[in-house]
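Good morning, everyone, and thank you for letting me talk through a structure today. Please keep the picture in view while I speak, and follow along from one region to the next.

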Amino acid sequence: MNVRAAAAQVLYQVVDQGYSLSAALPAAQQKIKPRDHALLQEMCYGALRFLPRLESIANALMDKPLKGKQRVFHHLILIGIYQLSSMRVPAHAAVGETVEATQDLRGPRLRGLINAVLRNYQRQQDELDAKAVSHDAGKYGHPSWLLKLLKASYPEQWESIVEANNVKAPMWLRVNNSHHDRDEYQALLDEQGIETSIHSQAEDALKLASPCDVTKLPGFEQGWVSVQDAAAQLSYHYLKPQDGETILDCCAAPGGKTAHILERTAAKEVVAIDNDETRLKRVYENLDRLNLRATVLCGDARYPQQWWKGGQFDRILLDAPCSATGVIRRHPDIKWLRRAEDIQALADLQSEILDAMWQQLKPGGTLVYATCSITPQENTLQVKAFLERTADAELLDSDREQPGRQILPGEEDMDGFYYAVLTKQA
């Protein structure tokens, strides 16, 4: 399939049908040549990052919007505009290949329209680009509800958060300490000409100067290293698992944090639970590649009695379901799939899970509450409310008025993440 046609289909599925990019993109990659995979990804990610800007330009160039079965061609136009405005694709190729994509999308009669729209954009680009960023959604590439939330929650930092959300995320590695320590593996990468830098707190983390295919990483297939953002790797830093303990990774898929615990700790048992059978397959795949073993269970974290018959846990890592507003730079579709009302619904779910997991924690045990969100409702306010209603809960390493640590997107080039460390009175 023409790669522009595939990109238009992905955009249509995400924006109009509510599919996640992580589901739509791999399916589309199966339809195109492997050499075009990176191009497809760049077009889809870029168009989703700057969607309101592209929509504004497209609407200005058309007398009436494309509707119904023609909606995929609207998204094809967005892909064409994105190439012309933001990519290094030669203009003649961007226009010609985008027009040619109408054939694969079974709309050859729209060739003339799409050609005219893109040619008109070329002629009026400066004027149209300026008009497209004259409103906040176009200027910042975020929906109005999310901009409002960020401005209210982070009046001093919201612009830097938005800026971080709109750039490509770096590639972070987690070195498997059972094979090499971080410095030893960094030396192996140096020998391969792969430049890296370390993190100030995540002791197994290395950031690549330029992302690369995992097959080029020494020992990847043998489990020497995994891909995981440094902010997620800090879960080990806060959980502090010990040898001989029984540990639960709650909402564990895709299994990176479970694996990190096992790589670093001779635990008595590590249990990984998630309620999504499909996502649990990733847990099994990651554990198999790393030659690690855990008890993997499918179940609803709100009802542990349905899936756990053992005793209480020494430590629980609760990486709660969340809005994922901290990882927008990796998943730009989040901006368009989330709605303002989702935040409170997620906060209510998190509250239920937190209460249920607390009952599974031994007296004297530690629970780390974590999200990849940056909304106070899911993080600081969530933990404050939990502390107020839970008499035997104590907060470690932070103040009850501003509990936990909120990592904002871009901080030491990390994703946005939140951690709060709680202990149960003995």
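Let me begin with helix H13, where Lys257, Thr258, Ala259, His260, Ile261, Leu262 and Glu263 are buried. That makes H13 a mostly covered helix, with 7 of its 9 residues buried. I should say at once that we are looking at a predicted model, and the values I quote have been computed from it.

Just before this helix there is a loop worth a careful look, the one between strand S5, residues 246–250, and helix H13, residues 256–264. Alanine 252 lies in that loop between S5 and H13, and because its relative accessibility is 6%, under the 20% limit, alanine 252 counts as buried. Proline 254 lies in this loop too, and the peptide bond that joins alanine 253 to proline 254 is cis, with omega at about 5°.

Which residues does UniProt list for "binding site"? The record, which is an unreviewed entry, gives Cys251, Ala252, Ala253, Pro254, Gly255, Gly256, Lys257, Asp274, Asp300 and Asp319. As you can see, Ala253 and Pro254 of that list are the two residues joined by the cis bond, and Lys257 of the list is one of the buried residues in H13.

The UniProt record holds two further annotations that I would like to place on the model. In the unreviewed entry, "domain: SAM-dependent MTase RsmB/NOP-type" is given for residues 161–425, and over those residues the chain is 31% helix and 23% strand, with the end C-alpha atoms 37 Å apart. The unreviewed entry also annotates Cys372 as "active site". In the model, cysteine 372 is placed in the loop between strand S9, residues 361–371, and helix H17, residues 380–389. Is cysteine 372 buried or exposed? Its relative accessibility is 17%, so cysteine 372 counts as buried.

Now let us turn to the empty spaces. When the whole structure is searched, 1 cavity of 30 Å³ or more is found, and the space in the largest cavity comes to about 30 Å³. Its lining is made up of Gln201, Ala202, Glu203, Asp204, Gln233, Tyr236, His237 and His260, and among these His260 is a residue we have already met as buried in H13. Which helix gives the most to this lining? The answer is helix H12, residues 230–239, which contributes 3 residues. Sorted by class, the lining of the largest cavity has 2 nonpolar, 4 polar and 2 charged residues.

There are open pockets as well, and I will describe one of them. The second largest pocket holds about 320 Å³ of space, and the residues that line it include Gln9, Lys69, Phe73, Asp104, Arg106 and Arg109. By class, its lining has 5 nonpolar, 3 polar and 4 charged residues.

Next come the aromatic rings, taking two rings as a pair when their centres lie within 6.5 Å. By this rule the count comes to 6 aromatic pairs. In one of them, phenylalanine 417 and tyrosine 419 have ring centres 5.2 Å apart and planes at 25°, and since planes under 30 degrees apart count as stacked, this pair is stacked. Both phenylalanine 417 and tyrosine 419 are buried, and ring pairs link these two with Tyr238 into a cluster.

Rings also meet charges in this model. The charged end of lysine 151 sits over the ring of tryptophan 158, at 4.8 Å from its centre, while the charged end of arginine 289 sits over the ring of phenylalanine 220, at 4.0 Å from its centre.

Finally, I would ask you to look at two residues for their backbone angles. Alanine 324, in the loop between strand S8, residues 313–319, and helix H15, residues 334–337, has phi near 60°, a positive value in a residue other than glycine. Aspartate 413, in the loop between strand S11, residues 405–407, and strand S12, residues 417–424, likewise has a positive phi near 60°. How exposed is each of them? Alanine 324 has 12% relative accessibility and so counts as buried, whereas aspartate 413, at 26%, counts as partly exposed.

Notes
Residues numbered from 1 in each chain as written. Predicted model: local features only at pLDDT ≥ 70, side-chain atom pairs only at ≥ 80, totals over all residues. Heavy atoms only, no water. Phe/Tyr/Trp six-rings, centres within 6.5 Å; stacked < 30°, edge-to-face > 60°. Buried < 20%, exposed > 50% of the residue type's maximum accessible area, 1.4 Å probe, protein only. Lys NZ or Arg CZ within 6 Å of the ring centre and 35° of its normal. Helix = DSSP H or I, 4+ residues; strand = E, 2+ residues; numbered from the N terminus. UniProt positions renumbered as here; feature names shortened; annotations may be inferred. 1 Å grid on protein atoms, 1.4 Å probe; cavity = no way out; pocket = protein on both sides within 12 Å on 5 of 7 lines; lining within 4 Å. Points joined across faces, edges and corners; volume = space filled by probe spheres on them. Nonpolar A, V, L, I, M, F, W, Y, C, P; charged D, E, K, R; others polar.
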